[in-house]
Amino acid sequence: PSPSLLLLTKAEKEERIQTLNKMLHELDIDGDEIRDALHRSLTTMEGFDVRYGKSAIKTYKTFIDPKPSKIEQIRSQDVLVAASRCARQIDFLIKRHKSHVTEWVRHTDIR
């Protein structure tokens with residue numbers, strides 16, 4: 001395949017962002033904030049946002065900017081179904097991250 005077929009078009013990427021953000025909103029998660037956290041993690045030395053954790057932010061990134069080897073498969077999927085599945089996964093990862101942070105705080109002896 002030609003290199004251009006291995007990348008999402010701007011319209012495809014925007015559709016994926018908008019659809020995922022809509023699905024995240026239904027789960028009371030602000031997709032724009034996760035997108036901002038992703039941008040900060042890539043452009044600053046801050047690292048990953050502690051509110052979401054590395055896994056949730058990477059899952060968001062993978063959905064909106066998939067690997068070239070996955071483009072063909074992604075184009076064959078219904079964006080709404082894929083975004084809904086990804087939003088639920090991000091929701092789970094955020095909750096797991098918060099649980100791990102809470103567990104760490106609870107089991108850390110502060111003297």
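Select Asp28 to begin: at 75% relative accessibility this residue counts as exposed (over 50% relative accessible area, with buried meaning under 20% and partly exposed in between, for a 1.4 Å probe and protein chains only). The model is a predicted one, in which local features need pLDDT of at least 70 and side-chain atom pairs count only at pLDDT 80 or more, while totals for chains, interfaces and linings use all residues. Residues are numbered from 1 along each chain as its sequence is written, and side-chain values use heavy atoms, with hydrogens and water left out.

Asp28 sits in the loop between helix 1 and helix 2 (helices being DSSP runs of H or I with at least four residues, numbered from the N terminus). Add Asp91 to the selection: its C-alpha atom is 9.1 Å from that of Asp28, although 63 residues separate the two along the chain.

Move next to helix 2, residues 31–43, whose 13 residues reach 18 Å from first to last C-alpha, close to the 18 Å expected at 1.5 Å a residue (1.5 Å times one less than the number of residues). Colour Gly31, Ile34, Ala37, Leu38 and Ser41, which are buried; viewed down the helix axis, these buried residues fall within an arc of 115°, so they line one face of helix 2 (the arc is that of the directions from the axis to the C-beta atoms).

Finally, show helix 1 (residues 10–26) with helix 3 (residues 54–64), which pack at an angle of about 140° with axes 9 Å apart. In helix 1, Lys13, Arg16, Ile17, Leu20, Asn21 and Leu24 meet Tyr60, Phe63 and Ile64 of helix 3 (contact means heavy atoms within 4.5 Å).

Methods: Axes are lines fitted to C-alpha atoms, for helices over the stretch in contact, and angles run from 0 to 180 degrees between N-to-C directions. Helices (H or I, at least four residues) and strands (E, at least two) are DSSP runs, numbered from the N terminus.
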